[in-house]
Amino acid sequence: MLKEGYVRIPSGCAISGIIDRTGRLFSGQSITDSIATMHDRSNGLGGGFAAYGIYPDFKDYFAFHMFYDDLIAKQETENILKADYIVALEEKIPTRKTAHIKNAPLIYRYFAIPKPEKLKLSELDENEFTIKFVFNINSNIPGAYVFSSGKNMGVFKAVGYPEDVANFYKLESYKGYMWLAHGRFPTNTPGWWGGAHPFNLLNISVVHNGELSSYDTNRKYLEEFGYICTLQTDTEVAAYIFDLLLRKHGLPIELACKVVASPLWKQVERMSPKEKFLYTNLKVIYGRALLNGPFSMIIAYGDGFIAINDRIKLRPLTAAKKGDMIYVASEESAIRQICKNPESVWIPRGGEPVIAELIRDNEKEMYSTKEVTA
Amino acid sequence: MSLSYLTPEFKVLRDYDKCINCKVCMRQCSFEVHSYDEDLDKMVSNDMNCVNCQRCVLLCPTQALTIIKHPQTFKEHANWTYDAIRDIYRQAETGGVLLSSMGNDRPYPVYWDKMVINASQVTNPSIDPLREPMELRVYLGRKPDRIEIDENLNVKTKMPPQLKLETPIMFSAMSYGSISYNAHAALARAAEELGILYNTGEGGLHKDFRKYGKNTIVQVASGRFGVDREYLNTAAAIEIKIGQGAKPGIGGHLPGEKVSEDISATRMIPSGSDAISPAPHHDIYSIEDLAQLIYSLKEATDYQKPVGVKIAAVNNVAAIASGIARAGADYIAIDGFRGGTGAAPKRIRDNVGIPIEFAIAAVDARLRSEGIRHTVSLVAAGSIRNSADIVKAIALGADAVYIATAALIALGCHMCQKCHTGKCNWGIATQDPNLVKRLNPEIGYKRLVNLVQAWSHEIKEMLGGMGINDIESLKGNRLMLRGIGMTQKELDILGILAAGE
Amino acid sequence: MKKVYVKEEVCVGCRLCEVYCITSHSKYKDVLKAYKLEPQRPTPRIVIEENRPVSFSLQCRHCDDAPCVKSCITGAMRKDPLTGVVTCDTDKCVGCWTCVLVCEFGAIIRDVNNKVASKCDLCAEAGEPACVKNCPNEALVYSEGGISV
């Protein structure tokens, strides 16, 4: 059977996300409890977490998390890594034996920064440089896969139920200010760890429940901008689109959301002339970046996350707030499990994002205003 | 005159039990097939002249007429076919190039019919377009790589001009001269009603139709007929016609007898003079010359109008299209070898060019690999027969399609392929005032609107089935297609998987 | 009142209006039977003017102050005060042709076989004039107050 990346596999899922907007760190236990509540939404064929704020000692280093099928893949990857990067620390990611987690690959992490002379030679910034490195490993080294490449953050994923994955990676021992979780229900048994979610590139991590009908359109659009979609998953495409819009094109988050879940033309027609001009041109330029088909997804980007549905809301997404904590999940139960008395619970409308960011000096309220009370 | 070896191609069957000698058939046939014989007190037919346009069949008040393929055959021969032999008789008689009209009618494979479309089941809900929003609007034109906005959300990017289409269908170029005034009237009015565009073709824009300017694409072809400042500025867009799918590499010739006062004024040539479109533009012998013309036209219209380029689908279409995109065209229209024409040498029509399915797939792939696909729009033309063809064309990489033959069929064309005679009994491909009257633009425009609306409904249904609610998400979405009965090479060129994969 | 108007510019000169006028005023009301079975088929009640490419069918204008009604010597020609339709009562008509003479439009036809005046009655029995209903190019319009161009 073809491994993920050579064949496209639709899947259903559970997603959950938590942020403490004050930046206070909390352990991975909450997110584990939350996602475990939605056990029935996944089928044991993929679970994973993204944790932000977990590597404060190495916050200026790219934290590469790697899966290796064998030592040859590891050796080849390290040759490339060490040629281009100064590696401050390399180690096996600590795991514990867990009953339902089987066939684990070699799992390593590296804290590294590009060598200044290599960076200068490449005429790229360190992010571009690192993306190129990640693409190179993932498409050219058989049996090696970079599954996390951000700073002061890390992705942990495996084939298994999410609560077992958390146990396997000892997530209760990590402390972060923002956590995402994912439980997967794929429609085959790929058995490949790289296929689990979250999907990550630099500081962007995506957990996603849905199937993009627009996959091939989005993918081809991205390829024109130099992205290489190695996984054939919707999540990968969604992550790259946000990377393109937010990082490369510098769009504000709200507008990036209006690209992936564009307002309907009849809504645009009713806007003020200035808005109409903006939204029309946004669609004209980024039509092929529209994510079409059912999805709910959470995109974390370091400073916060966006939780968003497709524009006609074909997948579930609920949000809640208590103090400085913001919760989003596929089901309300997954929030109430870890937050008994939320101040408010709401169901965001299709295409209307929930944006939750760390509190900064120029604080502004960024929650979705168009909401339905749960 | 010596004996002609040609026998009638069709036979008129008249049921005399039903014929009431009303002579409607006689009055309607421009080919003079039917006549009334006073001695016999009967209507009689001259089968030799019949082209099977079926005007008489449909107007006969008692359904007394049937036209059949003439049963007269040659001794069966798989190589020396009926057409092969007759073409030789015809050329031995006349010494001339065989003329024909409409598109290639040879039995080449129709690749549209070897592709099937995907639908959602379980993992992805299909969408009911009657209950959920479903958007078909597209914009044609050059697109910048990215949008730039200031902190107050004002758009800083200078947007190139765009053509708004409410549905991804346009009426393809057909000149006034090749088709009638009434046909143009119907197309222009339908385009306005539908929020799409029609194309004047290379014969200029009649002054009566200037009012439809915002729904008009004007053509600048090698003959430069009717081109002046007002012509260019009246239109929504300008299209440089390099070639046509029905006759790649060939120019055009509207005989002087068709150049009436009205056509003379519209084309800006003396009435009664032959209107010759040279095979190439004599100021475009290379791609850099095309760039010059594109920018001349942009200058002339103050960079307010998209300038597109139409080419025939030929072997090297992908590289040519890439050159055109880089020469500054806002859109590229590609016309496949089944595209129609008002007149073409039969051998050219039937043997030159490649199918639009391959051409659009190759061009889309080529532009993507060069990273410029998103900057330019692609229009597929050349025998789009129904809404499924449109869905497939867009999934292969087109932004929109041109339809012309289908539009004419909606107006009454019966595909008799005799446009070049100028005797079109349906009032379409003719300038004879007696015949032009037969196409009532009032009826014609409604039929065109009906057709495009019907197709749009069907496109929405198919999109909904795929779980897509915006035509944008179908563009280049080749995973939505699967091939049946094709070789691996054909599948690879189309960039699709085989059914079951 | 509703009258039949013609869009000359789209009249194709097929004369189907004539065929259906005859049929509409025949015994059988069927094209085939009207032409095949009736020994004396009705005279058409419309006139077709033709000078190619111009062609159109002409039928009674049902004038307000109809000269044919005024001049009728037997009172056969009358205008219905309610509907405004001008009809000829063929039982009373003696075929003097005065009406034919005075009609400004030339819309009254001599039915020589029956020696009566024949003219458009707007297919009073059928509701809608047969010529309008069967015009293949919508060149004939049955409307109140003419046609807008």
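This is a short dialogue on reading chain contacts, domains and buried residues in a predicted model.

Me: Let's start with the whole assembly. Which pair of chains has the most contacts?

Reply: A good way in is to ask which chains touch before looking at any single residue. Here 2 pairs of chains touch, and the most contacts are between chains A and B. Chain A and chain C are not joined by any contact, and their closest C-alpha atoms are 34 Å apart.

Me: I'd like to look at chain B against chain C. How many residues does each chain bring to the contact?

Reply: Chain B brings 22 residues and chain C brings 23 residues. Residue counts go well with an area: these two chains bury about 1,800 Å² between them, and 57% of that is on carbon and sulfur atoms. On the chain B side, 34% of the buried area comes from Ile20(B), Arg27(B) and Lys437(B), more than from any other three residues.

Me: How many salt bridges cross this interface, and which residues form them?

Reply: For this feature, look for a Lys or Arg nitrogen within 4 Å of an Asp or Glu carboxyl oxygen. The rule finds 1 salt bridge between chain B and chain C. Lys437(B) pairs with Glu8(C), and their closest N and O atoms are 3.3 Å apart. Lys437(B) is also one of the three residues just named for their share of the buried area. Polar contacts are a separate tally: 10 residue pairs across the interface of chain B and chain C, both residues at pLDDT 80 or more.

Me: Which helices of chain B supply at least two residues to the side that touches chain C?

Reply: Four can be picked out on your screen: helix 1 (24-28), helix 2 (55-59), helix 13 (433-436) and helix 14 (441-466). Sorted by class, this side of chain B has 11 nonpolar, 4 polar and 7 charged residues.

Me: Now chain C by itself. Where do its domains begin and end?

Reply: Domain bounds can be split along the sequence, so check for more than one segment. In chain C, domain 1 covers 1-59 + 127-143, while domain 2 covers 63-119. The C-alpha centres of the two domains of chain C lie 19 Å apart.

Me: How many residues are in contact where these two domains meet?

Reply: You can read this boundary just as you read the one between chains. In chain C, 9 residues of domain 1 are in contact with 14 residues of domain 2. The two domains bury about 860 Å² between them, with 54% of it on carbon and sulfur atoms. Met1(C), Thr43(C) and Arg45(C) supply 51% of the area that domain 1 buries against domain 2, more than any other three residues. The rule finds 0 salt bridges across this boundary of chain C, but it does find 2 residue pairs in polar contact, both at pLDDT 80 or more. The side of domain 1 that touches domain 2 has 5 nonpolar, 3 polar and 1 charged residues.

Me: What about single residues? Why does Ser277(B) count as buried?

Reply: Compare the relative accessibility with the cut-off, which is under 20% for buried. Ser277(B) has 6% relative accessibility, so this residue counts as buried. Ser277(B) sits in strand 14 (residues 275-277) of chain B. Its side chain makes a polar contact of 2.3 Å with the side chain of Glu202(B). Beyond four places in sequence, the residues in contact with Ser277(B) include Ser222(B), Phe225(B) and Gly251(B).

Me: And is Ala66(C) buried or exposed?

Reply: Ala66(C) counts as buried because its relative accessibility is 5%. This residue is in the loop between strand 3 (54-58) and helix 3 (67-71) of chain C.

Methods
Residues are numbered from 1 along each chain as its sequence is written. Chains are lettered from A and ligands numbered from 1 in the order in which they are written. This is a predicted model: local features need pLDDT of at least 70, side-chain atom pairs count only at pLDDT 80 or more; totals for chains, interfaces and linings use all residues. Side-chain values use heavy atoms; hydrogens and water are left out. Contact means heavy atoms within 4.5 Å. Buried area is the accessible area (1.4 Å probe) that two parts lose on being put together, summed over both. A salt bridge is a side-chain nitrogen of Lys or Arg within 4 Å of a carboxyl oxygen of Asp or Glu. A polar contact is a pair of N or O atoms within 3.5 Å; within protein, one must be able to donate a hydrogen and the other to accept it, and residues adjacent in sequence count only if both atoms are side-chain atoms. Ala, Val, Leu, Ile, Met, Phe, Trp, Tyr, Cys and Pro count as nonpolar, Asp, Glu, Lys and Arg as charged, and the others, Gly among them, as polar. Domain bounds come from an automatic or database domain assignment. Buried means under 20% relative accessible area, exposed over 50%, partly exposed in between (1.4 Å probe, protein chains only).
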